[in-house]
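Here are my notes on the model you sent, set out as numbered points. Please read them with the sequence and coordinates open beside you.

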Amino acid sequence: MIPDEKDVFYNAKHLFGMHPAPWHIHDNGFDGYVADANGHWIFGGEPCEGRVSEDDPEIVALVDVINSLAVWMKTKGEL
């Protein structure tokens, strides 16, 4: 099922309420995680916890999509 715009806005508002955009990738060579605008960890971590890398194109694409969604919602007056 393809969600309609109303569902996307509802779910995204909930997500951005917990983790505001822009999101970014934090990678210090050991820990690698995605964090929100407040610097709070969202996912990733140490190598045994599912570390992510700023060299991983899938992670970069995911963060880009999340940040683009936030911009789109702001232009629609939904965020």
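1. How much area does the protein chain expose, and what share of it do carbon and sulfur atoms supply? About 5300 Å² is exposed, with 57% of it supplied by carbon and sulfur atoms, the areas being calculated by the Shrake-Rupley method with a 1.4 Å probe and, for residues, with only the protein chains shown counted as cover.

2. This is a predicted model, in which local features need pLDDT of at least 70, side-chain atom pairs count only at pLDDT 80 or more, and totals for chains, interfaces and linings use all residues. Residues are numbered from 1 along each chain as its sequence is written, and side-chain values use heavy atoms, with hydrogens and water left out.

3. The protein chain has two helices and three strands, arranged along the sequence as α-β-β-β-α; helices (H or I, at least four residues) and strands (E, at least two) are DSSP runs, numbered from the N terminus.

4. Helix α2 (residues 57-75) has 19 residues and reaches 27 Å from its first C-alpha to its last, close to the 27 Å expected at 1.5 Å a residue, where the expected span is 1.5 Å times one less than the number of residues.

5. In α2, Ile59, Val63, Ile66, Asn67, Ala70 and Met73 are buried (under 20% relative accessible area, against over 50% for exposed, with a 1.4 Å probe and protein chains only). They lie on the same side of α2, because they cover an arc of only 120° around the axis, taken from the directions from the helix axis to the C-beta atoms. On the other side of α2, Pro57, Glu58, Val65, Val71 and Thr75 are exposed.
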